[in-house]
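Reader: Hey, I've just opened this one and don't know my way around yet. Can you walk me through it?

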Amino acid sequence: MDTHVETSEDSLDREWWTEAVVYQIYPRSFNDSDGDGVGDLSGIVENVAYLDELGVDAVWLSPVYESPGEDNGYDISDYRAIDDQYGELADWERLVECLHDRDIRLIMDLVINHTADEHAWFQRSRAGEEPYDEFYYWREGDPAEPPNNWESIFGGPAWSYDDQREAWYLHVFDESQPDLNWRNPDVRREIADVISWWREKGTDGFRIDAASHISKPEGLPDGDPDTDPTGIAHYSHGPTLDAYLEELTERTLGEAGVMTVAEMGHTTVEQAAEYVASESNGLEMVFQFDHVGIGDSPEDLFDPEASDEWDLTALKDIVTRQQTEIAWPAPFLGNHDLPRAVSLFGDDERYHRESATLLATFLLTLRGTPFVYQGDAIGMHNAEFQHLAEIDDVMTIGRVESLQEAGVIDSREEVRQFVNERSRDHARTPMQWTDGKHAGFTDGSPWLKVNERYTEINVEAARADTHSVLAHYRELIDLRHEWAVLVDGDYELLLPEDEQLYAYRRTLSEETALIVLNWSAEPATFESPVPTDGADAVTGNYTDVPSTPDGTTFRPYEAAIYRL
């Protein structure tokens, strides 16, 4: 097969991330080198060859900064220090060197909406020490009555009373994560200095955590009590968000070669398109979440009565809008905050390999910069948690406690099945390297239980199998690097109303790729609405790829790519 590279007009000026595949590492769960049960930087260094073998171009590293660990590193107590459990700054520098030696770039997680309550800024702020006294949102008042009715995304009120300062402080996440007051120019200056510091050390880009929440409206008005969480309309996409991002861009993020992707929950496709289209806010990409929330209740994203069922035609509509309306999308199916993709979108039992490789085909043939989450490349799926005591995720625990306090449930046992569908801990179970003790993740006791199917689903077994999920990811990443139509081609949805088949074309100049996915456990016949004469089968996830697409009955979760 000839997959010659088409050169787009702006190829000489294009940024590196437009041709990249990014791999997210959750360091706590990736690989433990010292036997304490927690993954670390040296453990990542030990497996850089795996990342190189997979063919990825960049690594997004979830936080490794000094932290008390209430939210597994997303509560930072020192932006310029590495947490002891992950190693030292020298270990981080060695990781950067090892990655760069293999032409793999490093993207750091930039948590700037909040800090840990153990951060020196907060400690000085609660003591009323200038200039830190206004680094956070403080409100005086009755200790029994919060300043407004806002609720935390993690459950419960978004305010906690501090006895030392005798005032309330705002936290739209956990109470251990006080929100920074971005109205204060000193705060913005400090954050810009942190970014510059990491850039000087070799960081190639940043994933901006909770970017949509850094701006709050004047007066912090009450929210609509019928929304979930209450207040989200005020503390998401605030009135000065663009101005703050533009200022960061002018100071540091606008530097040539720096990749930025913003996490923006509670963001519409239209809003994401506006942010990416802006020439001044410094955002190359935005994570837009409609597709991964397709089975959620619109009224309550943590509703135990919500169904986990979803509709393929609705998924097509969402993804097609992302693909056609956002100037440069950031397609993803999993991350550290989501259940496993193959459990949500596929069949992780009867058609585990087939559905995992279908998802790989889908992700890696979409327009934009694809993000692969650790473990997905071997088909890791949701674990089975027997008791809430096995859960570490502060969001899951907080939401369950809120449901119990509100009288929605009488006991935690009532939501065990729901937790087993939705908890963020599914993405955080240790990486499965071998079929040995603790899946080869650690010689000690792992901080979170290992998925019970590690003896069959692991890197070692996948490497030995030429038809494994891992082998298919490697093939698809190589194909994406070789065939420019998969990077730059326009996206066109076919058969929008078909409830089994998801098919689309990617077109660049005279080159066209056709992707056909039977996203179901039943056979489905593809009647092509476009000419397919002379179609050349490029690859598929069954050993015998159908030679022609039109009129072919595709097998359960079969995925095939054709050149037209």
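Author: Sure. One term to start with: pLDDT is the predictor's confidence in each residue, from 0 to 100. You'll want it here, as this is a predicted model.

Reader: OK, so what does the chain average for pLDDT?

Author: The average is 92, and 95% of the residues score at least 70.

Reader: And where does pLDDT stay under 50?

Author: Residues 1–12 are one such stretch, and there the model has 18 contacts beyond four places in sequence. Residues 297–301 are also below 50, with nine contacts beyond near neighbours in sequence. Where pLDDT is low, the predicted coordinates should not be read in detail.

Reader: Got it. Switching to helices: at what angle do H9 and H10 pack?

Author: About 20°, with the axes 10 Å apart. H9 covers residues 269–277 and H10 covers residues 312–325. Angles under 35 degrees count as roughly parallel, so H9 is roughly parallel to H10.

Reader: Which residues meet there?

Author: From H9 you have Val-269, Glu-270 and Ala-273, and they meet Arg-321, Gln-322 and Glu-325 of H10. Sorted by class, that contact has three charged residues, two nonpolar and one polar.

Reader: Is the crossing of H9 and H10 left-handed or right-handed?

Author: Right-handed.

Reader: What about H12 and H16, what's the angle there?

Author: About 15°, and their axes are 10 Å apart. H12 spans residues 352–364, while H16 spans residues 469–482. These two are therefore roughly parallel to each other as well. H12 also passes H16 in a right-handed crossing.

Reader: And which residues of H12 and H16 meet?

Author: On the H12 side they include Ala-356, Ala-360 and Leu-364, and on the H16 side they include Tyr-473, Leu-476 and Ile-477. Arg-353 in H12 and Arg-480 in H16 take part too. By class, the contact of H12 with H16 has seven nonpolar, three polar and two charged residues.

Reader: New topic, strands. In what order do S6, S7 and S8 sit in their sheet?

Author: The order is S6-S8-S7, in an open sheet of three strands with antiparallel pairing. The edge strands are S6 (138–139) and S7 (159–162), each of which pairs on one side only.

Reader: How many bridges join S7 to S8?

Author: Four, with the two strands running antiparallel; S8 is residues 167–170. If you want one pair to look at, Ser-160 has Tyr-169 in S8 as its bridge partner.

Definitions and conventions:
Residues numbered from 1 in each chain as written. Predicted model: local features only at pLDDT ≥ 70, side-chain atom pairs only at ≥ 80, totals over all residues. Heavy atoms only, no water. Axes fitted to C-alpha atoms, helices over the stretch in contact; angles between N-to-C directions. Parallel < 35°, antiparallel > 145°, perpendicular 65-115°, else oblique. Left-handed = near helix turned anticlockwise from the far one by under 90°. Contact = heavy atoms within 4.5 Å. Nonpolar A, V, L, I, M, F, W, Y, C, P; charged D, E, K, R; others polar. Pairing = 2+ DSSP bridges.
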